[in-house]
Protein chains: 4
Amino acid sequence: MTEVLREKRKGSGMIKNAELTKKKIMSAAKKEFAAHGFDGARVDVIAQRAHVNKQLIYYYFKNKDYLFVESLKECFATLRKVENAVNLEENSAFDAILKLARATWDYYIKDPELIYLLASENLMHARHLKEYKQEFLNINASWLENTQRIIEKGKIDKSIRADIDPIELNISVAGMIIFSITNQYTLSYTLGRDLTSKEVRKMRIQSILDTIATWIKP
Amino acid sequence: MTEVLREKRKGSGMIKNAELTKKKIMSAAKKEFAAHGFDGARVDVIAQRAHVNKQLIYYYFKNKDYLFVESLKECFATLRKVENAVNLEENSAFDAILKLARATWDYYIKDPELIYLLASENLMHARHLKEYKQEFLNINASWLENTQRIIEKGKIDKSIRADIDPIELNISVAGMIIFSITNQYTLSYTLGRDLTSKEVRKMRIQSILDTIATWIKP
Amino acid sequence: MTEVLREKRKGSGMIKNAELTKKKIMSAAKKEFAAHGFDGARVDVIAQRAHVNKQLIYYYFKNKDYLFVESLKECFATLRKVENAVNLEENSAFDAILKLARATWDYYIKDPELIYLLASENLMHARHLKEYKQEFLNINASWLENTQRIIEKGKIDKSIRADIDPIELNISVAGMIIFSITNQYTLSYTLGRDLTSKEVRKMRIQSILDTIATWIKP
Amino acid sequence: MTEVLREKRKGSGMIKNAELTKKKIMSAAKKEFAAHGFDGARVDVIAQRAHVNKQLIYYYFKNKDYLFVESLKECFATLRKVENAVNLEENSAFDAILKLARATWDYYIKDPELIYLLASENLMHARHLKEYKQEFLNINASWLENTQRIIEKGKIDKSIRADIDPIELNISVAGMIIFSITNQYTLSYTLGRDLTSKEVRKMRIQSILDTIATWIKP
DNA sequence: GATGAATGAGCCTTCATTCAT
DNA sequence: AATGAATGAAGGCTCATTCAT
């Protein structure tokens, strides 16, 4: 047995393997839940895709509900991380809002799992968010806080209207962005324009940014 | 058995009864699909709520998929009817767009089934819309046409910007409206503001109309 | 198709078939529960033995617990019927008690399902008897009442001691009888005497009757 | 690592710890098996209650069956020890039988695990007693021998009837005692008298002793 | 048009057990 | 001696659907 292999087996190697297994399960779970919603998702499929024994899912996550909750938590956390990574210090409030909107759009386009999980969760009237409340504490606060801070800044640098409500802004921006993605399949069909194509998407985010810009302009 | 009774059973009376049964099933189906999504919906529950034998559902609608398709069709049709009922003749293009947006909001608030069916349908990547294409022909055309006509009018009455793309407009307006409703449960939780309350909703539609207005203003 | 077959299919035939199915399930259930206890019993096995689709069990009995409750109820009812069928009118109290004890023994030897179901039920601290209380109302009253009536009679005909408590009598008699049957397997092993053999059983009931007789003798 | 610590880990200290672990497992196992029967008992629960890793159970006892067998063995052994501890030398055969019955009753009331294990074992037709025969050799002989010795004595001191069969006596006594305990839950329900209360129990054992006494009286 | 009976496939979950260190 | 990770088999139950009147 080589040094490397021994390294991998002993010491922290075992622990890492367990974590790896958990990660594989989480990754497969997020995909499956996003693709089929909570009810449509199959634990068997998740196990297969994660290349692990099905029972391990229950060993690590107790049941399907907790697995969904963990998936949701991780998606939320990733989004918040992305948002917080956007450097807004040197931008005016006006620019900051648009920059954040674009960053959000880019993130969702690249990794739309969260919005599908949320779509499913809303179909169930936020059952998991309510039943597993304590699991989500402190995860979602930053979203609103970010916007509030920018708007405060705007009151000083006068780059945006003074009467913008942060919650309304958040919903409108998120609405335009997320709806374009979650409903792309029915919209593409209904409108006869393929919303998944690169050019159309470029147009879409431009439209959104334009809409926001004219709205918040002082 | 008296003549009258026989009449009721065999003649056109029977047909009316059949239609009634179908309607009861459809009504229960729309509620169940809206409340739980396609996968979460239970045929048994639909039968119970419609006060009919479960087998009748299969007799009239062949299977769960067709039942969903019919539910979706009827919801679409109702929305289009509502939209077309809005009299826009005497309004400027600017006013027409806002009037239509408010009518759409009012309708969805009162009867949100369609948007939940669509949410579920998008979770499945518009599977039914694609697989049962022919069923939806000619139902959805009017949405875009309405907007196109208004924008054409705007080019004459100059009440709106000349470069508004009807599709982008439709998506943005629908996005802000529908997202506020479909995601109200998770948003209420995430933002700490109860989006189902009357006052908050008033604020929301005002915000949306304001956003649209500033955007389309010439 | 012959008249007979048609007869069987139409009219009350269908109903009878459903009842027959239920009976087949009940019969198989009682056997399985008696042989393996509640926890050890397998729904699959019950379905197989009843030659019915497994789902039918859930269709008719809702779940394993209710199936057990129904089994228990039916066994109780059968025993009570047997007890009440014993004609005690012309016997003295003394003879009546012995006659009843022997009838009980004969019944349990022939059809020991009830005592195995009770053994299992006691292992679970009478969980079903408690949780499904209302199901058992009015089933078990007659056991005690029978004995009470006999003892009252004894106070008149002086054929038995005056201070016999009906409950103590019932428990002692039932204990000697039932224990001999439920524990026959471990006893046969522990005592080195095959309690399932006919002669040994004859001896056993004679012993029991002798014990009771000397006890209740005035 | 100091010498002392090493001593504790490797030397006889380890062995003592191992015995302790085994004891903790056995204690938890007996409780769990008694409370739920063999099929209803959960290895996980036993591990938890014993505060040991589940795998240790397999390390020490091979599997669930052996664990049950060991539990049964230990319970049998304890009972025999209790029985043999009763000093019967100076008593007449008559008194000895009653004394033994009362001691048995007291023991079972205080520690009813054995009779629940036996109840479960009988539900499985004494499967373990048969399959693991050799494990039980020489454990159960003394029960019968005790009684036989007393009866022999009775033939001399004439304190009891001459025709008492030791096996019949054992079964009858054990039956009245054990049945009162194993079936206390269903009996309490069926008879409407709480058999777990102290006074009722006092009455019960008096009844039993009275029954035996009148039976064995010469 | 309407109904009760019946079915097969599959789903989430549990359990005893073993692997590897 | 002790432990965390992993597994296969099965168990109770549900669901959409069909059969047979």
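This section describes the fold of one chain, the pairing of the chains, the surface near a DNA strand, and a few local backbone features. The model is predicted, and what follows should be read in that light.

A convenient place to begin is chain A. Chain A holds 13 helices and zero strands, so to speak an all-α run from the N terminus on, α-α-α-α-α-α-α-α-α-α-α-α-α. Its C-alpha trace spans about 65 × 40 × 35 Å along the principal axes. Of the 218 residues of chain A, 36% count as buried. Among contacts in chain A with a separation of 6 or more, 66% are made by residues 24 or more positions apart.

The pairing of the chains comes next, starting with chains A and B. Here 44 residues of chain B are in contact with 43 residues of chain A. On the side of chain B that touches chain A, two or more residues are given by each of helix H2 (12–40), helix H7 (113–123), helix H10 (141–157), helix H11 (166–182), helix H12 (184–191) and helix H13 (198–216) of chain B. H11(B) provides the largest share of this side, with twelve residues. Sorted by class, the side of chain B that touches chain A has 21 nonpolar, 18 polar and five charged residues. A turn of 180 degrees with a shift of 0.0 Å along the axis lays chain B on chain A with an RMSD of 0.1 Å, which is the relation of a two-fold axis. Both copies use the same surface, as 98% of the contact residues of chain B recur in chain A.

Chains C and D form another such pair. In this case 44 residues of chain C are in contact with 43 residues of chain D. The elements of chain C that give two or more residues to the side touching chain D are helix H2 (13–40), helix H7 (113–123), helix H10 (141–157), helix H11 (166–182), helix H12 (184–191) and helix H13 (198–216). With twelve residues, H11(C) makes the largest contribution to that side. The side of chain C that touches chain D divides by class into 21 nonpolar, 18 polar and five charged residues. Chain C can be laid on chain D with an RMSD of 0.1 Å, again by a turn of 180 degrees and a shift of 0.0 Å along the axis. Because 98% of the interface residues of chain C are also interface residues in chain D, the copies meet through the same surface.

Other chain pairs stay apart. Chain B and chain C do not touch, and their nearest C-alpha atoms are 13 Å apart. Likewise, no contact joins chain A and chain D, whose closest C-alpha atoms lie 13 Å apart.

The surface near DNA strand F draws on chains A, B, C and D. At least two residues each come from helix H2 (13–40) and helix H4 (54–61) of chain A, from helix H3 (43–50) and helix H4 (54–61) of chain B, from helix H3 (43–50) and helix H4 (54–61) of chain C, and from helix H2 (12–40) and helix H4 (54–61) of chain D. Of the 39 residues around DNA strand F, those that come nearest are A:Ala18, A:Asn53, A:Gln55, B:Lys64 and D:Gln55. By class, this surface comprises 17 nonpolar, twelve polar and ten charged residues.

Helix H10 of chain D (residues 141–157) rewards a closer look. At 1.5 Å a residue, its 17 residues should span 24 Å, and the end C-alpha atoms are 25 Å apart, which agrees. The buried residues in H10(D) are D:Thr147, D:Ile150, D:Ile151 and D:Gly154. Seen down the helix axis, the buried residues of H10(D) fall within an arc of 100 degrees, so they line one face. They pack against helix H6 (93–110) and helix H11 (166–182) of chain D. On the face turned away from this buried side, H10(D) carries the exposed residues D:Glu145, D:Glu152 and D:Ile156.Some backbone angles also deserve mention. Most residues other than glycine have a negative phi. Just after H10(D), however, D:Lys158 takes a positive phi of about 55 degrees. In chain B, B:Lys158 has a positive phi of about 55 degrees although it is not a glycine; B:Lys158 is found in the loop between H10 and H11. With 12 other C-beta atoms within 10 Å, B:Lys158 is exposed. B:His125, also not a glycine, has a positive phi of about 55 degrees and lies in the loop between H7 and helix H8 (127–131) of chain B. B:His125 counts as partly exposed, because it has 13 C-beta neighbours inside 10 Å.

Terms used. Residues are numbered from 1 along each chain as its sequence is written. Chains are lettered from A and ligands numbered from 1 in the order in which they are written. This is a predicted model: local features need pLDDT of at least 70, side-chain atom pairs count only at pLDDT 80 or more; totals for chains, interfaces and linings use all residues. Helices (H or I, at least four residues) and strands (E, at least two) are DSSP runs, numbered from the N terminus. The expected span of a helix is 1.5 Å times one less than its number of residues. A residue is buried if 20 or more other C-beta atoms lie within 10 Å of its own, exposed if 12 or fewer, and partly exposed in between; C-beta atoms are placed from the backbone. The arc is that of the directions from the helix axis to the C-beta atoms. Two residues are in contact if their C-beta atoms, placed from the backbone, lie within 7 Å. A residue is near a molecule or strand if its C-beta atom, placed from the backbone, lies within 6 Å of it. Ala, Val, Leu, Ile, Met, Phe, Trp, Tyr, Cys and Pro count as nonpolar, Asp, Glu, Lys and Arg as charged, and the others, Gly among them, as polar. Copies are superposed by least squares on the C-alpha atoms of residues with pLDDT of at least 70 in both.
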